[in-house]
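Here is a short set of exercises to work through with the model open beside you. Try each task before reading its solution.

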Amino acid sequence: VLSRTNDPYHNSIITAGNGGTKPTQAAFTIFYNQGTQKYELEQTLQPDEQMWIDVGRLISEHVPDKNGNLLPGDLTSGSYEFRDLTNKHIGTLFEGKIVYDKTYGHVTYGCGYCCGYNYVQLMRNPLGVPLDLTADNAVQARDVCAGITVDVSDAFYNNWSTASTTIATVDYYGTHTGHALGSTTSNTHGDLPSKTRFCPINTCYPGGGDNVAVMPKIMFGGNDITGTTQSVVVGQQIALTASYGLPSGVTVNSQSWSVPGTITGGFVHNDTNGGPAAYSLTGKSTTFYWYSTPNYAKASYQVTFTLHLSDGASPSATTTFSVAGTSAPSGNITPGSNAIVSGDLLQYIGSGGLPGMTFHVYLNLPPSGYSGIFTWDQIRTDSWVRTPATGSARTCTAPSNPSGLSTGQDTSYPYAVGDQTQDSPYVSLYATDIETSRTFSATMYAMWDPHLPNSIPVPLGYIQWNFSGDATITNAATNQWTLKSSSAGSNKTFTPSSSYLQWSGTLGAGEVCH
Amino acid sequence: MRSFVGVLLILSTLILPVPVQAAGGIFSLTISMPQDTVSTRSEIQLMIKLTNATDHEITLFDTDQYCDYTVEVRDSNGQSAPETEKKRKLRCAEPVAGKVIIVKLKPGEHHEVLIFVSDLFDMTRPDKYTVQVAREIPKEMGQGQVKSNKIAVTVTE
């Protein structure tokens, strides 16, 4: 890293060259306005190539930097920095500055200085290494110029070793593998520029302890998420597997997961069974879904996997999930009424051919980053009585699976998708009858699905609605009917709810009378 | 017993008259899946987008998506995938009562429907399947059938 303070920008040319034998990426940054703002350029330099930066021209010609920023026209002072992005530790850039002073004819030259490292040490000491599994270690050091601790592991590659390869081994990159329970040490070495003047190259020898133990890991999507925080959303499938090794002679008595929050094992939706599914938290793997969060807001849950071993030990692993909620749902409806349509249909419908009942659902602030969809499903209780001109009245219901139900899911799942849906249920009227009366009640459920692979819908709320109607025939020859009476219930408001709908049968279209 | 097609014809004539169009130009169907590769244990979702392809408002009536649309699934050999019990038991003819969703679409507007293809066809055998759906054009709109694009889904172990 090269850094320097510069006074008069105008008429100054700042240069940097690549003194190495390979191309390098050079970053040039001007800090101004007391260091609160910066102007950044990047350029690839071939060996022996130089970049020339005319600061006065950048200002006067309003040249934007890589982020589109411009230098202020009245800028007169600040500082600048060159950074070798390719060779982070021992750079190949050399720097120069030329100031043309037209008044006095001076030409001055200045050179940069390097920034070294101190406090070189292992990132994790001691390092916990799971038996039969791996754990990464790294090397960190303090960048003297920037005043921050940075990862310098690549300077220490291929130099790692452990004192006892029976207990643990370590590879090129510092990844340790536990082979036997116990403790050992590991070391590495690498060259870094030191913090003293002119940055002489020092060989550093960081080292530390390694403790090999039975340490389960929690895997999610093929990744080790132990000790991390994962961002997920309600309805997203959470399939976790524990990974661990055991010493010879030790067995697992039991293993379990602790999962706070409101979860389900899935959402079942076949004709004869619908609703939340069971889940198991007593195996090496578990699959579940969070389906609601307090106040529909983001919630943080710590999941723990615990092993109970035959030697009495109970090692565990934890991970944290940040679960995005749906945000608060709301909804409204537009009701219709019973009517005789085209002379021989008893239908719940709106005026002018509009739907009988229209349902809308909204989310206050849908979870960002998800192309979620609303899904609807309805539980219907429905029957009607047909009274013929002669003979006994027949009570009819929709055909159901299993048969004989008057309550069930209304046709197939889902009833509909989208932020609104509707229903205009009807019954055909027959010329052989003189009166038909119908009693209908239903609960329409709104759900939201994040629309991710293997995701499920989560409940938002429901609307209960009902009506009854009675029609009598006016002309059997032409099968013309009139509405004798009609009533509609008043409970037609959206009720937010985090409870799933459930069903044990499905009603189809048509009728079964007896 | 009267057919439900007849019921809908009356509804659309008396309540929601629509101009007659030549078959095939009334609406278009586009299908998509959230994933093009699924495991044998996963359900297979199919989103159907029906778009008004005319220059005027059209009205359709949805009853049950598994009756409103015909789904065709073929394996990599071009053979129809085995039907599930739900598909075999599906009764779509002559309804006289039930749910109706009135789908009114202005020119260019669309309406979406979700179908679980795996509820209709046994796709548990790993293979590359081709899926296509079709919908009948109502008589008052000229009759005929509109077919969707074909999409492929790979089922793996």
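**Exercise 1.** Which residues does B:Phe27 touch, not counting residues up to four places away in sequence?

*Solution.* Keep in mind from the start that this is a predicted model.

Step 1: locate the residue. B:Phe27 is found in strand β1 of chain B.

Step 2: list its neighbours. Leaving aside residues up to four places away in sequence, B:Phe27 touches B:Leu50, B:Thr51, B:Ala53, B:Ile58, B:Leu60, B:Arg135, B:Glu136, B:Ile137 and B:Val146.

Step 3: check the accessibility. B:Phe27 has a relative accessibility of 1%, and the cut-off for buried is under 20%, so B:Phe27 counts as buried.

Step 4: compare sequence with space. B:Phe27 and B:Leu105 lie 78 residues apart in sequence, while their C-alpha atoms are 9.8 Å apart.

**Exercise 2.** Work out the strand order of the open sheet in chain B that contains β1.

*Solution.* Step 1: read off the order. The open sheet has 3 strands, arranged β1-β3-β8, with antiparallel pairing.

Step 2: find the edges. β1 (27-32) and β8 (110-116) of chain B are the edge strands, as each pairs on one side only.

Step 3: add the geometry. From one strand to the next, the twist averages 20 degrees.

Step 4: look at one pairing in detail. β1(B) and strand β3 (residues 45-52) of chain B run antiparallel and are joined by 6 bridges. Within this pairing, B:Thr30 stands opposite B:Lys49 in β3(B).

**Exercise 3.** Now move to chain A, and trace a path across strands through A:Leu240.

*Solution.* Step 1: start at β22. Strand β22 (residues 217-220) of chain A runs antiparallel to strand β25 (residues 238-243) of chain A, and 4 bridges join them. Here A:Phe220 stands opposite A:Leu240 in β25(A).

Step 2: carry on from β25. Another antiparallel pairing, with 4 bridges, links β25(A) to strand β30 (residues 285-292) of chain A. In this pairing A:Leu240 stands opposite A:Thr286 in β30(A).

Step 3: put the steps together. The path goes from A:Phe220 to A:Leu240, then from A:Leu240 to A:Thr286.

**Exercise 4.** How many salt bridges does the structure hold over all chains, and which residues are joined with A:Arg380 into one network?

*Solution.* Step 1: take the total. There are 15 salt bridges over all chains.

Step 2: examine the partners of A:Arg380. A:Arg380 forms a salt bridge with A:Asp382, with the closest N and O atoms 2.6 Å apart. A:Asp410 also forms a salt bridge with A:Arg380, where the closest N and O atoms are 3.1 Å apart. This second pair links distant parts of the chain: A:Asp410 sits in strand β40 (residues 407-410) of chain A and A:Arg380 in strand β37 (residues 373-388) of chain A, 30 residues apart.

Step 3: ask about burial. A:Arg380 is at 1% relative accessibility and therefore counts as buried. A:Asp382 is buried too, with a relative accessible area of 1%, and A:Asp410 counts as buried at 0%.

Step 4: turn to a pair in chain B. The side chains of B:Asp127 and B:Arg125 meet in a salt bridge at 3.3 Å, N to O. B:Asp127 counts as buried at 12% relative accessibility, whereas B:Arg125, at 43%, counts as partly exposed.

Step 5: assemble the network. Salt bridges with shared partners join A:Arg380, A:Asp382, A:Asp410 and A:Arg438 into one network.

**Exercise 5.** Describe the interface of chain A and chain B, then weigh the confidence of the model.

*Solution.* Step 1: count the residues. In chain A, 40 residues are in contact with 34 residues of chain B.

Step 2: give the area. The two chains bury about 3000 Å² between them, 55% of it on carbon and sulfur atoms. A:His269, A:Val417 and A:Tyr426 supply 18% of the area that chain A buries against chain B, more than any other three residues.

Step 3: look for charged pairs. The interface has 1 salt bridge. B:Lys86 forms a salt bridge with A:Asp271, the closest N and O atoms being 3.2 Å apart.

Step 4: check the scores. The model has ipTM 0.84 and pTM 0.78. For chain B the mean pLDDT is 84, with 83% of its residues at 70 or more.

Step 5: see where confidence varies. In chain B, confidence is lowest in helix α1 (residues 4-14), at a mean of 35, and highest in strand β5 (residues 70-74), at 97. Over residues 1-23 of chain B, pLDDT stays under 50.

Methods
Residues are numbered from 1 along each chain as its sequence is written. Chains are lettered from A and ligands numbered from 1 in the order in which they are written. This is a predicted model: local features need pLDDT of at least 70, side-chain atom pairs count only at pLDDT 80 or more; totals for chains, interfaces and linings use all residues. Side-chain values use heavy atoms; hydrogens and water are left out. A salt bridge is a side-chain nitrogen of Lys or Arg within 4 Å of a carboxyl oxygen of Asp or Glu. Buried means under 20% relative accessible area, exposed over 50%, partly exposed in between (1.4 Å probe, protein chains only). Helices (H or I, at least four residues) and strands (E, at least two) are DSSP runs, numbered from the N terminus. Two strands pair if DSSP finds at least two bridges between them. pLDDT is the predictor's confidence in each residue, from 0 to 100. Contact means heavy atoms within 4.5 Å. Axes are lines fitted to C-alpha atoms, for helices over the stretch in contact, and angles run from 0 to 180 degrees between N-to-C directions. Buried area is the accessible area (1.4 Å probe) that two parts lose on being put together, summed over both.
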